[in-house]
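User: Pick one residue in this model and zoom in on its surroundings for me. Then carry on to the other spots you'd want me to look at, with your cut-offs spelled out.

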Amino acid sequence: MTGSNTAAVHADRDVQPSHAVARPIYQTATFWAEDADQFAKAAVDRRGQDFYTRFGNPNHAQVGAVVAALEHTEAAMVTASGMAALTTAVLGLVSAGDHVIGQRSTYGGTGSVLLNLLPRLGVTTTLVDQTDPEAFARALTPRTRLILLETPSNPLLQITDLAAVAGLARAHGVLTLADNTFATPLNQRPVDFGVDLVWHSATKYLNGHSDVSAGVMAGPAEILDRIADTAVLIGATLGPIDSWLLLRGVRTLPLRVAQHNANGLALAEALSHHPAVARVYYPGLASHPQHALACRQMAGFGGVLGIELAGGYDAADEFLGRLRYSRRAASLGGVESLAVHPASMWRGMLGADQIAASGVALGLVRLAAGTEDTEDLVADAVAAADSVHRNHKEEARTV
Ligand code: PLP
């Protein structure tokens, strides 16, 4: 097996070989066949690359080869977004009457699949505290088919014990599906801990340039074939150009992740003792309640951290407004730093009771460090926190 830098650049070498050094873009909706036999064969080649782009395209297969090499899986397929990867997989793997377990701390879209979409289709779901592996055991029923994992979770950076939950699931014949978006395969490979399937919002780190919406599902070919049967019906196909851009992005993933890791850790350390900050959520800090577990299953801790401002909602909004480099935007994983204040973003989406139930404090800011120079990002964040601290002290004096 090669190293990750080499795999990111060469793992797709045998997929539609060409003398072009950069991969051609197969901007075609369909492919012609030499004869009836070839046509019939291409039509049933799941995740193929020679029939009709909704069924598969060389640009899809190239990204799949690289992601499979990075994630240590047999195969991988691409979809039009991260959510398309998740919904396609879930709809391909469960039926009415089945039961699915998920986490309480999870990306909002995944939460909605568990709380709204699946119950509407007759699939029951249970959400558990992911920090307690026993909670997964207690939630199992004879109808449980699938466990959805996400570690570190968005936005609270909670860690799931992958080996414990995957071992439990295997012992009961239940499939596990882990969202590896925050960690990336450079920091964590869920299948090395026994997880069956891994998915990504490839919109984030895998692409890394905030210019593509895409998803990836990686795992054993036999299970991906079942998911691919659903994918051709759902039709959430990644366009060839976006697939080509994703391939170009993933080539530099190992280089970018090293800088994201360095920036995430430096920001977490610099802010964790700041007087304007009540708490920093980052699995790489010794103060994170699951730091020891994170060290066992992660090689690095990523670029995303949660910063809870002591002054609550207004302080968080002010902190975000004072950052020079991290602009207010709902994504992460690109070369540029981005930040979100979940409580203000959710104002129009969720009621006050739902925000309270999420466990996300009103003063929490999710900062996604890009690949800028560490000193610049740290100086910027500390200056923003200093300013919040000064203003809130003055407010306290005048009240
Ligand atoms: N998983 C995580 C952890 C995310 O943060 C997101 C999006 O923010 C998704 C999945 C959904 O991915 P996409 O927006 O590509 O559909």
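Analyst: Let's start with arginine 23, which counts as buried because its relative accessibility is 11%, where buried means under 20% relative accessible area, exposed means over 50%, and partly exposed is in between (1.4 Å probe, protein chains only). Before going further: this is a predicted model, where local features need pLDDT of at least 70 and side-chain atom pairs count only at pLDDT 80 or more, while totals for chains, interfaces and linings use all residues. Numbering runs from 1 along each chain as its sequence is written, and side-chain values use heavy atoms, with hydrogens and water left out.

Arginine 23 sits in the loop between α1 (4–10) and α2 (36–43); helices (H or I, at least four residues) and strands (E, at least two) are DSSP runs, numbered from the N terminus. Leaving aside residues up to four places away in sequence, arginine 23 touches Asp12, Arg13, Val15, Gln16, Pro17, Gln62, Trp244, Leu247 and Arg251, with contact meaning heavy atoms within 4.5 Å. One of those neighbours gets a polar contact: the arginine 23 side chain reaches the backbone oxygen of glutamine 16 at 3.1 Å. Polar contacts here are pairs of N or O atoms within 3.5 Å; within protein, one must be able to donate a hydrogen and the other to accept it, and residues adjacent in sequence count only if both atoms are side-chain atoms.

Glutamine 16 is worth a click too. It lies in the loop between α1 and α2, and its phi is positive, about 50 degrees, although it isn't a glycine. Most residues other than glycine have a negative phi, and most peptide bonds are trans. Glutamine 16 counts as partly exposed because its relative accessibility is 26%.

Serine 210, another non-glycine, has a positive phi of about 55 degrees. You'll find serine 210 in the loop between β6 (197–201) and β7 (215–219), partly exposed with a relative accessible area of 40%.

As for peptide bonds, a cis one joins threonine 151 and proline 152, with omega about -10 degrees. Asparagine 154 and proline 155 are also joined by a cis bond, with omega about 0 degrees. Proline 152 is in the loop between β4 (144–150) and α7 (162–171), and proline 155 is in the loop between β4 and α7 as well.

Next, glutamine 130, in the loop between β3 (124–128) and α6 (133–139). It counts as buried because its relative accessibility is 1%. Its side chain makes a 2.8 Å polar contact with that of threonine 160. Past four places in sequence, its contacts include Ser153, Gln158 and Phe136.

Now the ligand. Of the 14 residues around it, Met83, Asp179, Ser201, Thr203 and Lys204 come nearest, with "around" taken as a heavy atom within 4 Å. A polar side-chain atom of aspartate 179 is 2.7 Å from a ligand nitrogen. Two ligand oxygen distances are handy: 2.9 Å to a backbone N or O atom of glycine 82, and 2.8 Å to a side-chain N or O atom of lysine 204. The protein covers 90% of the 390 Å² of accessible area that the ligand has on its own; such areas come from the Shrake-Rupley method with a 1.4 Å probe, and for residues, only the protein chains shown count as cover.
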